[in-house]
Every structure is written in structure tokens, then in C-alpha cells.
Amino acid sequence: MPAQPHAPWSLEGREPYGEADTRAKLIDPRLYAAQWTEEHIRREETAGGIEVIEGEARRQAKGRVDYTLRIKVSASTQPVALAYIEAKSEQKDPGEGLQQGIDYSVASKRFNVPFVFATNGHAFVEYDHFTRQVSPVKPMSEFPTPEALRQRYEIGKGFSLESEAAKPLLIPYAGGEAVRRYYQDAAIRAVFEKLATGEKRALLSLATGAGKTFIAVNLLKRISDAGLLRKALFVCDRDELRSQALTAFKNLFGSEVAEVYQTEDGKNFAKNARIHIATYQTLDGSRGEEARNFFFKHYIEKNHFSHIVIDECHRSAWGDWKFILEHNPEAVQIGLTATPRQLIVGERARQATVDEAKWRDNVKHFGDPVYEYTLSQGIEDGYLAPPEIFTFDLFHENQQQAERERRVTRGELENKKIRSAATGAAITPANLKEEYSPGELDERLLLPERVLELAKHLLEQLLAHGGTPEQKTILFCASDRHAEAMSEQLGNLYNDWCLAHGQDPKAYFAFKCTAKSGGSDHVEDLRGSVSSHFIACTVDLLSTGVDVPCLQNIAFMQYLASPIVFAQMLGRGTRLDPDSGKLMFRVFDYTDATRLLGQEFFTKFKGGKSKSGPKPPPAEPPAIVEGVTIRIEATGRYLTATVDGRHARVTLEQYREKVAERLIAQAGNLADFRHLWVQPSERRGLIDSIVRGGFSPRALQMAEEASECDLYDVLGEVGYGLFRQTRANRAYAFTYKHKTWLESMPPPTAATVKALASQFAKAGTEALETPHIFSTPEVVKAGGILALQLFGEPAALLVDTKERLFAA
């Protein structure tokens, strides 16, 4: 093949190298010549997607592998990543991969590096985030050395790596680098880099389930090991979060960690600890300024703490935390959040002081997040579970307008049986309000038929999508009374189902799990029991701080107005649990709560609390209205995606269209798609381009219920109308469509090639690319490498087999 027009180099009569050979035979030697040794180059490998193979949940053999360039100040220090390098096959233009690099560095800040290089082994192009400039094509002989890149990094960042403030960047991970994920390292470096400039505040935004506690522990541990930590406070807002944090911190800090609480003799249990773990309730944060006796009794000294980390700092209680930060103004203050909160300044806010408004606003206090990791990226990296959303509308009394769009009027209820929820006594319509908003249903206006129809419908959905009602589910209800009614109805319906199917009912199938009912006592059974506690009916007790990896479903029967509360609730389902077979989770939305997905987290400031004026009269007891007919209709099926920079729900049809657009932009026809797919690096680039567009191919595969198909068939159908086949069928088609080719081989070779194809049937494309492919039992039994050598070079024969599989 002749050299490309941009290539002044010679191929010396050979075929151009692919990406793997380009890296090994061209890029690596030339990086080494520029003084980039093995200790400077880091392979960042993701977990790999999770698929169902022959009914078993398993990760793919390989995740995506990316390369970063790092510098070391000394032999014992932690390497600091400065650059991402995108390798392309030899015949490609060196700048072809640059746009992907820019996306990583600037748009998503995925690796938190200021320099991005794209190279084909002969020449390179560089993007400099500090100057926003793209360099001209340069020969690899001009590739910058580690020292040169370090100097540019330090100038651009505004600090020296050998300065006192930058010490934490150079402290190794206490448990070694194997324990961290690439984005956690990027987040930790982002905080240290900001602190090294003299700033004292930083905000991190990571999707629920991404490991914010790991980040907090390692931030403080490395600061401590650098000799810069005097005393630290970690604040969260739930007992469950406190317990998780206490365990994680003790793993690294040991006896230096203690839980904050008042002992029987009135002392602070954590008095002598270096790391204090507290909830803001323990610190009397929710009791108002005049009642914060605990905090000011035990932490009266100004700047008692040198470092403060506030977990889930988007919570509505943020205003109650400000006194902790105000009392420690010289402390380094780090906020961790999945949902950054912002402020809309309204009429009443103008009357507030600047300071008061500042403390009401995470972003104004901490600044913009120094690093962000989204749900879409977490899904594709194989670290988070994607949601599939089903939406429904409720209609009353044959109304054509959905419940969520209208109010229930007193006139509609005149002929119904009406009782007081407090006494059970009959009351007249005159005792009712003129009208009730959707949010007041089953809170102020109790509708037994509505509860029954919702319970029936949810049970039907569980059976339709999981085959059994015994699925771990969190149901968000409108009120404590509503949660109790839903658990009772679901329990009755479940007992009927068990009777009809000849099986014994399991204990606590549906149970009330609210603060008033001591619901925290049931959390451990919801999380761990496989024989009880399946549907938790709650209001908001389980909205944050509860880690239930095996959770399969979330149902919304509570009307929500806050995107923050919604995001917290949805986050309960994003953790993967391969042990239980959970790869994704379902959302059953009866109140259009999922409309809030991706909305800005704005909250109007309402000013200070009034301390004068008469108390409002007590609310009338809720009314129970019997006889209201309810029907439920499906309105949509959605996946989640990043659209115009925001996470949003997208119909399955729209999702398919967007993925198809991305596919066709990269490969105009099926032949081009097939050509890219059989080359690992090109396939990775193709999938990455879809992910950077905010869509997850694997989420689409799961929603299409195509776990028995290779991703090639899923995308081929969506983008090019390919007839989708299962892996098993594609492998079988290979044996007869290429019968002539197989018959031209010695029988042992043909048997071994068929055994190779059988590996595809089991685990798809990645199974043919594992380094151990030739040593799998089926391949060895058929004849192995020796049999393949009878017909040619085994590696080339494997590539030929793969290409023919997809041509089948």
C-alpha cells in the first residue's frame, strides 16, 4: 500500500501496521526515545460492560483501554497524569484521533489532563488545554519530554509540584493504584490541583454509585500523609451513610477515626480523634441556630478543623450546614454531590444578605465542579446500571384528562361514600376542600380504589418484566398512610397469586418502610434477604444513603416537583449487582416524576425563617372517598441519555434514531460498519463516539432484550437494517455459509475453526480477542494451535474466522 499524501515516511514494502502493532513497534519506541519509560505510561482499563451469557451475568473479558502519560517527581512519589494519548493505526492521519482527545480533555474532562496527543507512530498532533490551541503535525522526534511537559503543566496550573501545597498530589495511594478507578483518580487530582493554587474550596459531581466515599477517604488520607491534615470532619445526612463512611475511613486511618456523638457523661466520643464522622443531625444542624448546643459545646474553638468534607451537599439541609463552615472559615472545604444545587434569585432573595444567599448555593460557595462523572459514562464504563423507564397515566371517572394534569373537585365526589380518616365517621362533601391537587391524592384525599388499581398494575408489571412478583423494589408513596395502604394491598394480591400458583407466600413481601414506622430496621433485610422483604413502601426514608445493589425496580406513586429529590431517588437503582444478576433496573412512573430527569437543579430562595406571627391552624384530617373508578394507561417507554448537555429521558424510538445517526456518521454503510467492527481499536472508537454523544449502546442492547445477541447485531439492526441474529445462530450460520472454505482445510483445522466460532456463540466478539482464545478447552480438544498451523498462521486464521462470522 502506498504511503498516504500526508506521510513522508516509507513503509519499506510491508503492509501498514494496525493500531496494536503501531503502538508496540512505532509509538512506544519513539516515546521511549523521548524519555517516556514504562513508569511514565499508565494503561487505564475500565471494568468492561456486563452481559448475560447463557443465563449468567458476567463482565466482558476486556473493558476499554486508554493511555495516559504521567510524570514522577522522584522514585517514591505518586505519578501525576498530564496527558492523554490517542494511538491510531499507521496509515491514518495523525490528527484523526484528536477530536476524541479534545472531547475527553475539554468537554467531559474525563481524564483531567491538560494535554492531548494523537499519533500514528510517525507524527503527532497536540491539543493544549491551557492555550486552547492545536499544533501543526510534527514528527515524533519532536515529542516533548517528561520534563518539558512538566514545566508547561506547572506554568499552566500556576504552582510547582515541589511546593508545599502540592504535596498531596505526590503522595501514593495507601492501598496501591489497583484499588482506584480512572475517574476517581482524575477527581482526586482535580481537587488537589485546585488546593495547590491556594484555593480552599472544591466541589465534585459524580453519579450516584460512582464511589464518592472512596474519593473522600483517599483525599484526606493523602493530605494526611503529606503532613497537611490537623483534624478533619466528614459530615453526611443519614445514619446509613455515616456507617458506610466510618467503615471506609477506619480501613485507612484505623483508630484515628471516631463517630461523633455525646456519651452518657456528656462528652464527645470523637474528642481525641483526628477524623470525626458525623451526621448534621448529630451536630444539631437541623434544630436552628439557638439550639445548636452540641456543636458549640464540643467545637467552640474557631477553626477547630483543618479540613471538612460534606457528603451529598446538594441536600435540602444545606442551609443548616452553613454554621459548620462559617465556624471553620480557614478550613479546606470539599463538597461531594451527585446533583449540584444552584440558586434562582427571586424577589424575597433581594432582601437577604450576600452571605446568606452565598451559603444557600453550592456552586456559589464551592465554585463550579472541578470534575464531573455522568451516569451515561458510568453505564458504558461498566460501573453503573442503566434505567429503563415505563410511564403511565391515571384517569378518574372516565375523564379524558390525566390525573396529573387536573384537580379533583368537590363536585365530582358528591355521590361517593365519604368518611373521616381520623374517626371513620361519615362526612358530607361540604367537609371537603373545593379541589385537590394531584400531590394531595392519598395524602389529604385518600382513594382506596386508586390504591387497589395501582397495586394491581404494579404487580402486573413485575410479572410482565420479571416473571415473578418477588423482585427487590422501592415504591415511593405520597404519605405514611399511603405507604401502609400500598403495602397491605400488595400483600393481599401477592397472597392471592401464591395461592393460584401453588406456592407458599414469603414473609414481608411488601412492607411499610418509613421513618414513623421504624423503617430503618428493615433496610438490612431489603438489601440482603432473598426470601423476604421484596417491596419497600416508603415516602422518603430510602431516597438517599441506602445502598441496595440488588434493587431491581423503582416505582413512583408520589408527585414530585424537585429535580434534586428525584435524582436522589433514582440513584437508589444505579448500582450493579452481578451476583444477583442485576445488570439494569426498571422505573415504573405513575406520576410523571421522570420528567424531572435532566432538569436544572434550581431552587428559589425563600428568605429567612419568620420568628413571629400566629401559627397556622391545624390541617383538617384527611378524607377517605370510596367508589372512584380508576383506569391506568401506558404512555411511554424510555431510556436515559445526555441531550444538549443534560441527562434526559428519551423514548426507545428516539434512542434508536440517535444511535443510528452516530453510527452512520462513523460508518456510512453496513460494509464499512463491518470493517470497523472486526478491528478492536476501530470498534472501540465507534462505540466511544456514541457514548460521547450521550447514548449507551449497552443500555440499548438491554432495553431491546437482546442479551443473547452480540452488540454487532444490535447496532447493525438499528443503523443498517441488518437482520438481527443471536450469537448462537450467527455461529451456526458460519458453519454452512462457509462450508466450502472449511472443507478446503485439513479436518483437524476445520474442527478447530468451528471451535473458535463456538466461543463467539458463548460470549460474542470479545471472546475471539482474548489472549487465551487458543487455550480454551473446546479449542484445545479440537486440535488447538497445532491443528491451525496445518492451514496457516493461527492469528491470521483467527482474524479470517472473525471476518467471516460477521459476513455470514
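How many helices and strands does the protein have? This predicted model contains 26 helices and 31 strands. Here is a friendly tour of the overall chain, one open sheet and one helix.

**Overall picture**
- Of the protein's 808 residues, 56% count as buried.
- Among contacts with a separation of 6 or more, 71% are between residues 24 or more positions apart.
- The protein's accessible surface is about 34,300 Å², and carbon and sulfur atoms account for 49% of that area.

**The open sheet**
- Seven strands line up in the order S12-S13-S11-S14-S15-S10-S17, with parallel pairing.
- Strand S12 (257-259) and strand S17 (371-373) each have a single partner strand, so one side of each has no neighbour in the sheet.
- From one strand to the next, the twist averages 15 degrees.
- Inside this sheet, strand S14 (residues 307-310) and strand S15 (residues 332-337) run parallel and are joined by four bridges.
- Ile 310 has Gly 335 in S15 as its bridge partner.

**Helix H13**
- Helix H13 covers residues 480-500, and its end C-alpha atoms lie 31 Å apart; this agrees with the 30 Å expected for 21 residues, because the estimate takes 1.5 Å a residue.
- Its buried residues include Asp 480, His 482, Met 486, Leu 490, Leu 493, Tyr 494 and Trp 497.
- An α-helix has 3.6 residues a turn, so residues three or four places apart point the same way.
- The buried residues of H13 pack against helix H12 (448-466) and against three strands: S23 (473-476), S24 (510-512) and S25 (535-538).
- After H13 comes Gly 502, with a positive phi near 65 degrees.

Notes: Residues are numbered from 1 along each chain as its sequence is written. This is a predicted model: local features need pLDDT of at least 70, side-chain atom pairs count only at pLDDT 80 or more; totals for chains, interfaces and linings use all residues. Side-chain values use heavy atoms; hydrogens and water are left out. Helices (H or I, at least four residues) and strands (E, at least two) are DSSP runs, numbered from the N terminus. The expected span of a helix is 1.5 Å times one less than its number of residues. Buried means under 20% relative accessible area, exposed over 50%, partly exposed in between (1.4 Å probe, protein chains only). Contact means heavy atoms within 4.5 Å. Two strands pair if DSSP finds at least two bridges between them. Axes are lines fitted to C-alpha atoms, for helices over the stretch in contact, and angles run from 0 to 180 degrees between N-to-C directions. Accessible areas come from the Shrake-Rupley method with a 1.4 Å probe; for residues, only the protein chains shown count as cover.
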